[in-house]
Amino acid sequence: MTSRGIRDRLDQQDRMARAQAQTEFSLPIVLEAGAGTGKTTILTARVVAWCLGLGWEKAEEELRRRGAFSRGKDHPLDDEIASRVLSRIVAITFTEAASAEMASRIAEAFTKLANGSVPEGVDEDVLPSHREVRSRRSRALLVNSDRLTIQTIHAFCLALLRRFPLEAGLHPYVTVDADGLLVEEMAREVVNLYFSEALANGDNDLITLMANDLSPNAILEGLVALASQ
């Protein structure tokens with residue numbers, strides 16, 4: 001096969017993958033690609049396609065079936081549907097910067113659709129055929145965009161642990177000490193308390209430590225090292 005034929009085949013596979021990301025929601029999809037090849041664009045398009053299409057329809061149907069919408073209304077409002085759709089989506093990234101970028105891209109896509117245009121990377125065929133419907137749904141989704149969860153994997157896991165601390169065997173106020181500052185603060189309190197009490201009581205262990213040139217700072221560093229293992 002010629003190099004032109006190989007490129008054409010790869011382009012076709014790429015188009016198929018991008019289309020599948022916006023139409024296949026019944027099975028998990030794994031996307032592997034290098035930096036700068038459009039992964040965020042595809043993920044944004046997938047979220048948009050789901051929210052305006054199948055996801056919206058499912059949420060509306062469920063709200064109608066349960067009658068779980070505003071009092072005095074015989075059908076769910078756009079805001080209620082949009083809120084339900086977005087609250088059931090979780091986008092996980094590795095960095096805060098990527099989370100911010102994803103949130104910005106999705107908001108920008110909803111804005112463009114609300115104004116009657118189609119965002120980059122989104123296949124128009126997967127959107128509602130009537131532009132007024134697209135615009136109306138997009139406005140509702142944009143207003144309720146705070147219901148969409150876009151977090152780093154660390155933030156998402158911490159949220160789960162805080163939600164189910166007893167099941168995880170953790171303190172209800174579990175937190176992440178990424179920089180080790182809390183560990184150092186606690187170790188400093190322990191060392192200061194120990195030395196204060198030991199000096200007041202003439203503790204022989206303290207005398208032994210001092211005789212071996214183990215200063216409070218050295219002990220503090222040792223405690224921090226042990227706690228970090």
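Student: Which residues are exposed on the other side of α5, away from its buried ones?
Tutor: This is a predicted model, so local features count only where pLDDT is at least 70. Exposed means over 50% relative accessible area. On the side of α5 opposite the buried residues, that label goes to Glu96 and Ala97.

Student: Which residues of α5 are buried?
Tutor: The cut-off for buried is under 20% relative accessible area. In α5 the residues that meet it are Ser99, Met102, Ile106, Ala109, Phe110, Leu113 and Ala114.

Student: Why do these buried residues lie on the same side of α5?
Tutor: Look at the buried set, which runs from Ser99 to Ala114 and includes Ile106 and Phe110. Their directions around the helix axis cover a restricted arc, which puts them on the same side of α5. That arc is only 140°.

Student: Which elements do the buried residues of α5 pack against?
Tutor: Contact here means heavy atoms within 4.5 Å. The partners include both helices and strands. They are α2 (39-52), α4 (78-87), β1 (90-93), α6 (131-143) and β2 (149-152).

Student: What distance does α5 reach from its first C-alpha to its last?
Tutor: Helix α5 covers residues 96-114, which is 19 residues. At 1.5 Å a residue, 27 Å is expected. The model is close to that, at 27 Å.

Student: Which residue follows α5, and what is its phi?
Tutor: The helix ends at residue 114. The residue in question is a glycine with a positive phi. It is Gly116, with phi near 95°.

Student: Where is Thr95, and how many Å separate it from Gly53?
Tutor: Thr95 sits in the loop between β1 and α5. Its relative accessibility is 40%, so it counts as partly exposed. In sequence, Thr95 and Gly53 are 42 residues apart. In space, C-alpha to C-alpha, they are separated by 29 Å.

Student: How many Å lie between Val90 and Val47?
Tutor: Val90 belongs to strand β1. The two valines are 43 residues apart in sequence. Their C-alpha to C-alpha separation is 9.7 Å.

Student: Is Val90 buried or partly exposed, and which residues is it in contact with?
Tutor: Its relative accessibility is 45%, so Val90 counts as partly exposed. Set aside neighbours within four places in sequence. The contacts are then Thr149 and Phe156.

Student: Which side chain makes a polar contact with the side chain of Thr41?
Tutor: Thr41 is in helix α2. It is buried, with a relative accessible area of 17%. Beyond four places in sequence, Thr41 touches Arg105, Glu120 and Gly121. The polar contact, at 3.2 Å, is with the side chain of Arg105.

Student: What radius of gyration does the protein have?
Tutor: For 229 residues, a compact globule would come near 17 Å. The C-alpha trace spans about 85 × 65 × 30 Å along its principal axes. The radius of gyration of the protein is 27 Å.

Student: What percentage of the residues is buried?
Tutor: The protein exposes about 15,400 Å², and carbon and sulfur atoms supply 54% of that area. Of the 229 residues, the buried ones make up 26%.

Student: How many helices and strands does the protein have?
Tutor: From the N terminus, the elements run α-α-α-α-β-α-α-β-α-α-α-α-α. The totals are 11 helices and two strands.

Terms used
Residues numbered from 1 in each chain as written. Predicted model: local features only at pLDDT ≥ 70, side-chain atom pairs only at ≥ 80, totals over all residues. Heavy atoms only, no water. Helix = DSSP H or I, 4+ residues; strand = E, 2+ residues; numbered from the N terminus. Expected span 1.5 Å × (residues − 1). Buried < 20%, exposed > 50% of the residue type's maximum accessible area, 1.4 Å probe, protein only. Arc of directions from axis to C-beta. Polar contact = N/O pair within 3.5 Å; in protein donor to acceptor, adjacent residues only side chain to side chain. Rg over C-alpha atoms; globule rule 2.2 N^0.38 Å. Areas by Shrake-Rupley, 256 points an atom, 1.4 Å probe, with all protein chains shown as cover.
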